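Reader: I'd like to learn how to read a model of two chains. Can you walk me through one?

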Number of protein chains: 2
Amino acid sequence: MELFSERGYEQTTVAGIAERAGLSERTFFRHYADKREVLFGGGTLFRDSFVCRLEQALDTMPPLQAATLAAQSAGAALEQHRGREFAAARQRIIAANSGLRERELMKIAGVTGEMAEVLRAHGVEEPDASMTAELAMAGFRVGFDRWLAPGERRTLPGLIHEALARIPVVGA
Amino acid sequence: MELFSERGYEQTTVAGIAERAGLSERTFFRHYADKREVLFGGGTLFRDSFVCRLEQALDTMPPLQAATLAAQSAGAALEQHRGREFAAARQRIIAANSGLRERELMKIAGVTGEMAEVLRAHGVEEPDASMTAELAMAGFRVGFDRWLAPGERRTLPGLIHEALARIPVVGA
């Protein structure tokens, strides 16, 4: 991450990352498929926190409440495993590179689509399933942006909850 | 559009598009900067319908209502200027090409960001400004997807309104 910030993402080589981390290139590739993986390796955790948590929560609570819990759970996972400093550095690197920005948006759209699918599979009809998935992701995104603001001291799950608490979906 | 559908986006050349349209390549380039413009040339209209309409509407109504109206106005512009058939073909072409999918997501994220800015400039505080912008775009997207479903006969603005009518934002 330091290297990406110092040199820019495009200018950073796998050899450079491995050297900084005190690893051989071979060891690096055992951990990450490529340098993109350093930034997007948390994607599965992000997806699972959202989608699996949603599936569980739908057994015991209404859709928007379950989706809110899922968004908070993804926030908690991110805060715990990566932390604010990593997330902020990652965000700056991604913002500076259109290919990475686009990949990030695709990741988010993919998880949103999966959530809508889970909701439909649990009997939520359209447009409610899609809107609930979109809302949960919007709450995550808005909470996340505020979490990274200088001086912000609230937790990420708290900020996500605050954003989503402002939306009671009729009939959800 | 026909050519993109028949041959795939990557395989379609500007020469081929110009030929099908009965234009010289030179004339084509007078109308479009490149072949991407055939798909994304409506972006300014989309942006303006959202952002300018929101600015006007905020003078006379509360934020979510104004944002809903803006989303409906973008839907009306799309329905009127492009039509369902064009939009459906365009969507299939974009779905089949990751570069185009990513560009589409970037466009949407950009307009959402601009709407949040307009809301803040009109005194809406965070997280409400960002959430309202995200909700309006979510309503547009969900309405748009339903509009393209086979057999759907309702209007795009009507479907957008239906999606957004299910979200009364507290305090908006």
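**Confidence, then the pairing**

Author: Let's begin with confidence, since this is a predicted model. In chain A, the lowest mean, 61, belongs to helix 3 (residues 25-31) of chain A, while helix 10 of chain A has the highest, at 95.

Reader: What should I do with a low score?

Author: Where pLDDT is low, don't read the predicted coordinates in detail. Chain A as a whole averages a pLDDT of 84, and 83% of its residues score at least 70. For the whole model, ipTM is 0.74 and pTM is 0.79.

Reader: Which turn and shift lay chain A on chain B?

Author: In general, a rotation about an axis plus a shift along it relates two copies of a chain. Here a turn of 180 degrees with a shift of 0.0 Å along the axis lays chain A on chain B, with an RMSD of 0.0 Å. That's the relation of a two-fold axis.

Reader: Which residue of chain A comes closest to the rotation axis?

Author: That's Glu102(A), whose C-alpha is 2.6 Å away from the axis. Both copies use the same surface, too: 100% of the contact residues of chain A recur in chain B.

Reader: How many residues does the contact take from each chain?

Author: It takes 25 residues from chain A and 25 residues from chain B. On the chain A side, helix 8 (98-121), helix 9 (128-147) and helix 10 (156-164) of chain A each give two or more residues. Helix 9 of chain A supplies the largest share, ten residues.

Reader: And what's that side made of, by class?

Author: The side of chain A that touches chain B has 13 nonpolar, ten charged and two polar residues.

Key. Residues numbered from 1 in each chain as written. Chains lettered and ligands numbered in written order. Predicted model: local features only at pLDDT ≥ 70, side-chain atom pairs only at ≥ 80, totals over all residues. Least-squares fit on C-alpha atoms with pLDDT ≥ 70 in both. Contact = placed C-beta atoms within 7 Å. Helix = DSSP H or I, 4+ residues; strand = E, 2+ residues; numbered from the N terminus. Nonpolar A, V, L, I, M, F, W, Y, C, P; charged D, E, K, R; others polar. pLDDT = per-residue confidence, 0-100.
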